[in-house]
Amino acid sequence: VDGGEGDRLAMQRVLRDLDALERMLEEDLFETDRRRIGCEQELFLIDDKLQPAAVATDVLEIIDDPRVVPELARFNLEYNCDPVEIGSDCLRSLESQLSNIYSKVDNACRAVGARATMAGICPTVDLSHLTKQNIMPHPRYHVLDEALRRLRGDDYELRIDGADELTVRHPSVMLESVNTSFQVHYQTTPSEFAAAYNVALGVAAPVLASSVYSPILFGKRLWNETRIAIFQQVVDTRSEGAGLRDFLGRVRFGESWVDSSVLEVLRSDLARFRQILHATSDNLPDPMKELDAGRVPKLSAWQAFNSTVYRWMRPCFGVTDGKPHLRIENRVLPSGPTIADEVANAAFWIGLMAEGPYVWPDLSKQLEFRDARGNFLRAARDGLSAQMIWINGEEHPIGELIVQEFLPVARKGLARSGIDADDIARNLGIIEDRVTSRKTGAKWMLRTVAQMRGSGTRRSRLTGLTRAMLQNQDSGQP
């Protein structure tokens, strides 16, 4: 952020991009004859003592694969799977990609004395690891850290109450690097977007409750999915004081249902947030002229803006084979415990996205938005112990709703999408077994910690927990 004229010019470019997007919508230029799914895998790098290992730059030098990219911290990495068309063996294809690229990353980690771990929060990470020296040496991350701190006007702060209480102040955005996620993308059409996006918000709670895996931070037992609380508090540019309630956090569930268009979401964000990152080039092509010439603009200015507004369900724009498309990115899921678990989580959400608009076509009229948001936060805090308000306005145990309502809808959605019956049964069977046994990754972690109570030091217990997580991950069993 450079302020003044530079900021104004950058925002004009973003607005111009949105005008071009609106024109593409009006001229029906978006792809509508196929639907793709995809995913992004974030990883935690740990050394032979099970501590965070700042070796990401070394690993990237070994790996020659553009799908493997840096993250905020030197002890994080991310890789992106190639999108696949939904249908037949798409879930197996995603699982194969996740496994193959993970093996490539993990082998490179082993070459430098480390391992790649799938953990929503690595139990051994501590404040001593969250130094500015461990920020990835990439201009984006240093600019982001400086800009967010300037907008906040103070240190970053966490206040989380669970079985234990945590209050932490820290001078850099590195607090966010304790989180690693598994993000799933679902392609939709402009005409379907409003219904699909509302379903994504409505089912966020059961999808999250069944997948929680981040109950411990700095040795404290907090929320079942503590990532949600961390991210909403750290990437928050609201300063303390009387004006706090007048602004919305950059990480958020949202404020209302969508009536008809993706533009409602994008314009809402533009109206509420300052721009943190600008597109880097001063010679960006005019998107309207690109359209006049028969080319699809990349909307680089808007993409830079959107990359710093972290809705839990985020609208995304892309271009494949010269055709623009819309996607919804699910950002609520944790990394891990295993690839099998992650693909099952993805299948559950994809099935709900495919069938939900048919089963709940009037969801925005049947469920109060504040109840949908409350469901999401209760799921993050309490996992399968949460109560959920659904379309009849009554509270139900969320586990019962998952088994009785959401899993049957997801099965129909995956079948409607042409996915192989055996893959549907296997993946949704993982979810059903997890829910009926009430054994989420978070519950397993908390039970393991309870069993170790009184033995060794806190550090040794957290190291033992991390070792068990890695061993279970290596087994590949959900």
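Here are legends for six close-up views of this predicted model.

**View 1. Q187 and its partners around strand β8.**
Q187 sits in strand β8, which covers residues 182-188. Buried or exposed? With a relative accessibility of 1%, Q187 goes down as buried, because the cut-off for that label is under 20%. Its side chain still has polar company: the side chain of E31 makes a polar contact with the side chain of Q187 at 2.8 Å. Look as well at R34, whose backbone oxygen is 3.4 Å from a polar atom of the Q187 side chain. If you skip residues up to four places away in sequence, Q187 touches E31, R34, R35 and R36, along with H325, L326 and R327.

**View 2. The largest nonpolar core, with F348 in it.**
This core counts 153 residues. Which residues have the most contacts inside it? They are L21, V105, L217, F348, W349 and F406. Helix α11 (residues 339-359) supplies the largest share of the core, namely twelve residues. Zoom in on F348 and, sequence neighbours up to four places away aside, you'll find it touching P206, V207 and S210, then I402, F406, L407 and A410, and also L428 and I431. Another core, made of eleven residues, lies apart from the largest one; Y213, I216, V449 and A468 are among its members.

**View 3. Where helix α11 crosses helix α14.**
Here α11 meets α14, the helix of residues 398-416. The two axes come within 7 Å, and they cross at roughly 90 degrees. That angle falls in the 65 to 115 degree range, so the pair is described as roughly perpendicular. From α11, the residues in the contact are A347, F348, I350, G351, L352, A354, E355, G356, Y358 and V359. Facing them from α14 are I402, F406, L407, V409, A410, K412, G413, L414 and R416. Sort the contact residues by type and you get 13 nonpolar, three polar and three charged.

**View 4. Where helix α3 crosses helix α15.**
Now for α3 (residues 90-111) and α15 (residues 421-437), whose axes come within 9 Å. How do the axes cross? They do so at roughly 60 degrees, which is why α3 and α15 are called oblique to each other. L91, R92 and E95 of α3 meet D423, R426 and N427 of α15. By type, the residues in this contact split into one nonpolar, one polar and four charged.

**View 5. M469 on helix α17.**
M469 belongs to helix α17, residues 458-475. Its relative accessibility is 3%, so M469 is classed as buried. Check out C122 too: 347 residues separate C122 from M469 along the chain, yet their C-alpha atoms are 9.2 Å apart. Neighbours within four places in sequence aside, the contacts of M469 are A119, I121 and P123, plus Y213, W444 and M445.

**View 6. T463, also on helix α17.**
T463 is placed in helix α17 as well. A relative accessible area of 12% puts T463 under the 20% cut-off, so it counts as buried. What does its side chain reach? The side chain of T463 gets to the backbone oxygen of R459, at 2.9 Å. Not counting neighbours within four places in sequence, T463 is in contact with K49, L50, Q51 and T124.

Key: Residues numbered from 1 in each chain as written. Predicted model: local features only at pLDDT ≥ 70, side-chain atom pairs only at ≥ 80, totals over all residues. Heavy atoms only, no water. Helix = DSSP H or I, 4+ residues; strand = E, 2+ residues; numbered from the N terminus. Buried < 20%, exposed > 50% of the residue type's maximum accessible area, 1.4 Å probe, protein only. Polar contact = N/O pair within 3.5 Å; in protein donor to acceptor, adjacent residues only side chain to side chain. Contact = heavy atoms within 4.5 Å. Core = buried A, V, L, I, M, F, W, Y, C linked by side-chain atoms within 4.5 Å. Axes fitted to C-alpha atoms, helices over the stretch in contact; angles between N-to-C directions. Parallel < 35°, antiparallel > 145°, perpendicular 65-115°, else oblique. Nonpolar A, V, L, I, M, F, W, Y, C, P; charged D, E, K, R; others polar.
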